[in-house]
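Opening my notebook on this one. I'll jot down what I look up as I go.

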Amino acid sequence: MRMSNLFVQTLREFPSDAEVMSHKLLVRAGYIRKLANGIYNYLPLMWRVLRKVENIVREEMDKAGAQELLMPFVQPSELWQESGRWDVYGKELMRLKDRHSREMCLGPTHEEVITSIGRESIRSYKQLPVNLYQIQSKFRDEIRPRFGLLRGREFIMKDAYSFDADEKGLDKSYEIMAEAYRRIFERCGLETKMVQSDSGAIGGSVSHEFMVLVNEEAENNAGENDVFYCTKCAYSANSNHAVSVLTSVETDGKFTKAEIIDTPNTHSIEELANFLNIPASVICKSLIYVVDSKYVLALIRGDKTVEETKLMNVFAGNDIRIARNDEIEEIMQNSELNAIAGFIGPKGIKGVEIVADETVKDLKNFVVGCNQTDKHLVGANWGVDIELPIKIADIRLVEEGDKCVDCGADLKVTRGIEVGNIFKLGTKYSKAMNATFTDKDGQEKPFIMGCYGIGISRTAAAAVERHHDENGIIWPLAIAPYTVIIVPVSDQDEVQMKTAEEIYNKLLASNVEVILDDRSERAGVKLKDADLIGIPYRITIGKTIKDGLVEFKTRATNETETISPEEAIQKILAL
RNA sequence: CGGGAUGUAGCGCAGCUUGGUAGCGCACCUCGCUUGGGACGAGGGGGUCGCAGGUUCGAAUCCUGUCAUCCCGACCA
């Protein structure tokens with residue numbers, strides 16, 4: 001490709017609406033252009049990168065025994081009614097009507113469609129296992145798209161679905177996919193961590209996410225997930241799923257007599273602990289949440305934080321948020337109580353489901369809200385002053401310094417970008433949609449399914465997030481849009497131009513993906529652009545060509561060597 | 001949806017407080033000059049000032065509404 005023909009427009013400055021590096025760089029280097037909120041044009045350079053990622057994914061999926069197909073992007077509502085998700089998926093599902101007023105949606109994922117394919121085509125256990133995948137644009141009407149390609153509304157995804165006859169088969173399919181995923185990300189030049197995760201709205205039991213870890217020091221951290229990992233063993237998990245053993249702290253309070261005392265203006269745990277001069281760990285914190293449309297009172301030890309996804313899962317909910325003040329007022333009125341947030345407690349409260357975190361059950365002589373503003377109950381004990389809630393669960397957010405449940409070593413936290421996700425779905429969809437096969441014993445059984453996603457466009461963006469410097473992108477070789485760029489310093493120097501053309505033609509003849517910067521620009525412009533665009537190797541032809549030498553630069557290390565054109569060609573061919 | 005901010009040329013911004021009919025840098029076009037890290041000079045093209053109302057002799061500027069975008073929380077590949 002000649003640079004003079006390449007459809008690319010680099011910008012001198014970063015776009016003002018971008019926050020994270022991958023977004024800033026991809027726009028500035030002319031890879032993407034926003035069309036609408038969360039919707040981007042993939043310009044020619046970007047499309048080349050995406051196709052590279054896709055092809056790596058294809059090769060590894062095919063190698064793993066999966067077969068590619070393509071399902072419709074627009075789907076009928078009927079299938080979603082069958083699975084039950086039409087009503088629970090929420091506003092992320094982009095719904096629309098066709099000319100006959102039939103309800104349709106833009107595919108955010110394809111469990112329903114693949115299940116319908118499975119039930120129509122797979123009749124016997126002899127046809128199993130099957131793993132089908134596609135690479136396609138998905139649409140999710142995200143509440144807040146951001147970070148460019150890292151969280152768009154329209155994005156490119158590889159989604160695979162496995163069908164097995166039994167759990168053992170699923171375990172095997174799952175392990176094969178996990179292994180394929182490890183290879184895919186490694187080939188894309190991305191170090192990933194496979195972490196346990198919540199299985200969320202898609203449903204199912206076991207799931208893991210593949211996280212690209214991003215360093216904490218980065219100014220704008222694009223990692224949207226907290227990943228906890230053990231410093232000693234292999235345990236790692238998304239914060240929405242992580243569990244831990246706590247280090248022991250004071251849980252027996254100093255108040256030995258149960259009484260309600262004045263605690264004016266102690267709206268937060270910190271204020272209350274300071275006022276009473278006690279550790280937060282002898283306070284029982286009470287928080288009111290709205291799960292779907294139900295009120296929930298969550299109790300947790302004062303020094304700990306509620307993990308909202310865990311709490312939501314206790315009630316098998318789809319949506320959770322902390323209650324607003326007017327909703328708390330409503331609950332108080334219905335309970336014939338009167339307290340504002342900060343003084344809420346479990347005693348006497350009505351119209352809410354109560355769940356206690358495991359941390360509260362061992363509290364003794366503790367402090368808790370008593371539903372009277374500016375007062376708390378101190379010296380409380382379960383079963384004496386307040387009944388211990390029946391529902392006890394782990395709804396606690398793990399913190400750095402907690403201990404690993406597997407080996408007892410310290411847990412640490414880091415930020416990660418989720419680029420892949422694998423789920424054991426089990427029979428969630430096959431049962432709901434009546435997708436069955438005939439097993440060995442002649443019985444009709446629902447398929448045991450799994451699903452496996454990779455964000456293709458997100459993976460490319462994550463690669464930029466992970467590999468760049470102050471001058472621009474540094475593409476891993478395997479997904480770079482071009483392998484090498486040839487830069488003659490002056491287009492007016494005939495020898496330079498002639499040499500550049502020769503190297504260009506030789507590399508082209510060997511099927512190397514090469515750019516010749518034949519533009520009539522000053523050297524600085526061409527060199528800046530080469531760095532910004534992030535081509536892994538650069539052959540610069542300058543004055544030293546008089547001595548038969550060119551400069552060979554490796555973008556990843558910014559190291560250069562002065563060698564002959566032929567040597568430069570050989571170095572590229574040897575990659 | 002809640003909290004905060006912004007909409008002026010392809011990109012980055014000034015002008016708005018104190019109304020008088022739009023400007024700077026980059027990019028783009030022409031000519032000259034220049035060619036190892038985003039040169040320079042001269043000339044040029046491009047904007048219903050997000051949109052709709054209102055106030056006014058007159059609105060980018062003041063008022064009202066509306067739309068869009070960005071940031072912080074809930075979503076997820």
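Which residue just after H6 takes a positive phi? I looked it up: Gly-189, with a phi of about 80°. Note to self: this is a predicted model.

**Entry 1, the whole chain.** I counted 14 helices and 31 strands in chain A. The C-alpha atoms fill a box of roughly 95 × 65 × 50 Å along the principal axes. Of the 575 residues, 44% are buried.

**Entry 2, helix H6.** I checked the length of H6, residues 167–187. With 21 residues at 1.5 Å each, the helix should span 30 Å, and the end C-alpha atoms are indeed 30 Å apart, so the two agree. Next I looked for buried residues in H6 and found Leu-170, Ser-173, Tyr-174, Met-177, Ala-180, Tyr-181, Ile-184 and Phe-185. These cover an arc of only 130° around the axis, so they sit on the same side of H6. Over on the other side, Lys-168, Glu-175 and Glu-179 are exposed.

**Entry 3, a sheet.** I traced an open sheet of five strands, in the order S28-S27-S29-S30-S31, with mixed pairing. S28 (514–516) and S31 (559–563) are at the edges with a single partner strand each, so one side of each has no neighbour in the sheet. From one strand to the next, the twist averages 20°. I then zoomed in on S30 (residues 550–554), which pairs with S31 in the antiparallel sense over five bridges. Val-550 stands opposite Ile-563 there.

**Entry 4, helices on the sheet.** H12 (residues 494–509) packs on the sheet and touches S27, S28 and S29. The direction of H12 makes about 165° with that of S27. H14 (residues 565–573) packs on the sheet too, touching S27, S29, S30 and S31. The direction of H14 makes about 25° with that of S30.

Definitions and conventions. Residues numbered from 1 in each chain as written. Chains lettered and ligands numbered in written order. Predicted model: local features only at pLDDT ≥ 70, side-chain atom pairs only at ≥ 80, totals over all residues. Buried ≥ 20, exposed ≤ 12 C-beta atoms within 10 Å, placed from the backbone. Expected span 1.5 Å × (residues − 1). Arc of directions from axis to C-beta. Pairing = 2+ DSSP bridges. Axes fitted to C-alpha atoms, helices over the stretch in contact; angles between N-to-C directions. Contact = placed C-beta atoms within 7 Å.
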